[in-house]
Structure formats: C-alpha cells, structure tokens
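Work through the exercises below with the sequence and the structure beside you, and try each task before you read its solution.

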Amino acid sequence: MVDRIAAGAPGDVPVIPDAPDARQWLREELAKAPYEAARPTWFDRASQGFLDWLNALTIGGDGGLQGWLPVVAIILVLAGLVTGWLLFGAPKLARRRRFTDGLFGTIDQRSSAAMRSAADAAANGGDWSLACQEIFRALARGLAERTVLSVTPGTTAHDFAARARLAFPSNGPALALAADIFDRVRYLEQDGTELEYRALATLEAEMRAAAPVALTPLAEAGRS
C-alpha cells in the first residue's frame, strides 16, 4: 500500500486513497507470499491450544509443583488407560486366543454355533464327510468356549478325545469313535456316512448339555 501511495512520476502529489481503496490495498498486500507464510497453520493453532491447556493445569504460586502438574496429570491418565487394558482387555484377548488360534491343523475363528450351522448345511447338501468334520470341530470348540478344556494348534483329534474323556467319563467310548471318524474323513479322505454324522451330532448335543465331572460337586452344592 505504501508503494502505491508513493507511486507516480517525480514531483507528483502522492495519492491518498479513500477508505474502500485503502481496505482493498490492504487485502492485496496481506495476500502476498511473505504474509501468507507467516500466517499460523492449523497445526500451529492446535499445538498452541494444547500448550494453553497444559498451562491451565498448573497451580498458582511459587510452589514446587508448579510446572509439574501437567506432567503428573498426563502420567496418571496414561497409567489409568494401561491399567484398564490390563484388567479388562488382556484377559479377554487371552481367552479368545485360547480357542481361536488353531483347531486340528487349521486356523479357525468360528464359534461352535457357526460350526454347527455349517455341519447342518453340509448334511442338508449330502456332504457327510464335511458334516462329520464340522460337527466334531463344533464339539471341541464348544468345550473350549465353556473353558472345560483348551485345544492348542498341536492337539490331535485323539488327544482331544482322551482329555475330554477325563471330564466326561461316560462319553469316553463315543469320543474315541468320534476321533476315529474325524481322522478317517479328514486325513485319510474316506467318505463319511449319514449314520456317522448322526452319531457325532448326537454326541455333540449331549456333551453341550452335560456338566463335566469337575463341576458336578459345585452344581450339587448349589441345589442343596
């Protein structure tokens, strides 16, 4: 704007703008690159707002805590978040990983209910081999969900049957037969039958409703 006032031939009277022209010249001047570069960005404004918030947390006076209160407040907030995750997040994650990582040689994160539905669908389609596999997996996943026993990635069908027999002794023979059927249709690629699937489905339903022997005394104490 100063340049415009001084502009003109030597000896000319400087131009004095009226109010509208002066505002227009000012806007044009401030739009130049040096002024735009000096204008605060959104990051500058956000940083300043955060610093102002920290300063608002400080206490007055010359006490020793002045200047440390924002740091202490942030540490307490972070400690609360970490503690909350350790108390509520980590145990849930551990419980999920206990039965969702591996199941008889495959990574499968479905629930037992989803596996039962898949078994029903395969049976309705006449794929008895797949139906037998799915219902056996549903049996194992159901016990893991109930925390009766866990199935690690290296657990075989017969290992599972032997461990499940300890909690359900009366189902021991049926569990051993179920493991035989699973291994035969899964690894030996032999065809499953409708009769075998019906037997496995019956076993899965019985064990889903039964209480393991370790829980029986507690159930009886609750009824007394």
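**Exercise 1: the buried side of a helix**

In helix α8, which spans residues 157-167, the buried residues are A157, F160, A161, A164 and A167. The model is a predicted one. Find out how these residues are arranged around the axis of α8, and which helices they pack against.

*Solution.* Begin with the general geometry: an α-helix has 3.6 residues a turn, so residues three or four places apart point the same way. Next, look down the axis of α8, where the buried residues fall within an arc of 110°, so they line one face of the helix. Finally, follow that face outwards to its neighbours, and you will find that the buried residues of α8 pack against α7, α9 and α10.

**Exercise 2: from a loop to a helix**

Locate D108, decide whether it is buried or exposed, and identify the residue with which it forms a salt bridge.

*Solution.* First, place the residue: D108 sits in the loop between α5 (69-100) and α6 (112-124). Second, judge its accessibility, remembering that buried means under 20% relative accessible area; D108, at 11%, therefore counts as buried. Third, search for its partner, which is R110: the two residues form a salt bridge whose closest N and O atoms are 2.8 Å apart.

Now continue from R110 and determine which residue of helix α7 it meets in a salt bridge.

*Solution.* R110 is partly exposed, with a relative accessible area of 28%. Its side chain meets that of E134 in a salt bridge of 2.8 Å, taken from N to O. Because R110 lies in the loop between α5 and α6 while E134 belongs to helix α7 (residues 128-145), the pair ties together parts that are 24 residues apart in sequence. E134 itself, at 10% relative accessibility, counts as buried.

**Exercise 3: a bridge between two helices**

Describe the salt bridge between R184 and E196, and then explain which parts of the chain it ties together.

*Solution.* Start with the distance, which is 2.1 Å from N to O for the side chains of R184 and E196. Then assign each residue to its element: R184 lies in helix α9 (residues 172-186) and E196 in helix α10 (residues 194-209), so the pair ties together parts that are 12 residues apart in sequence. To complete the description, add that E196 has 17% relative accessibility and counts as buried.

As a last step, return to the earlier pairs, where salt bridges that share partners join D108, R110 and E134 into one network. The count of salt bridges in the model comes to six.

Note on methods
Residues numbered from 1 in each chain as written. Predicted model: local features only at pLDDT ≥ 70, side-chain atom pairs only at ≥ 80, totals over all residues. Heavy atoms only, no water. Helix = DSSP H or I, 4+ residues; strand = E, 2+ residues; numbered from the N terminus. Buried < 20%, exposed > 50% of the residue type's maximum accessible area, 1.4 Å probe, protein only. Salt bridge = Lys/Arg side-chain N within 4 Å of Asp/Glu carboxyl O. Arc of directions from axis to C-beta. Contact = heavy atoms within 4.5 Å.
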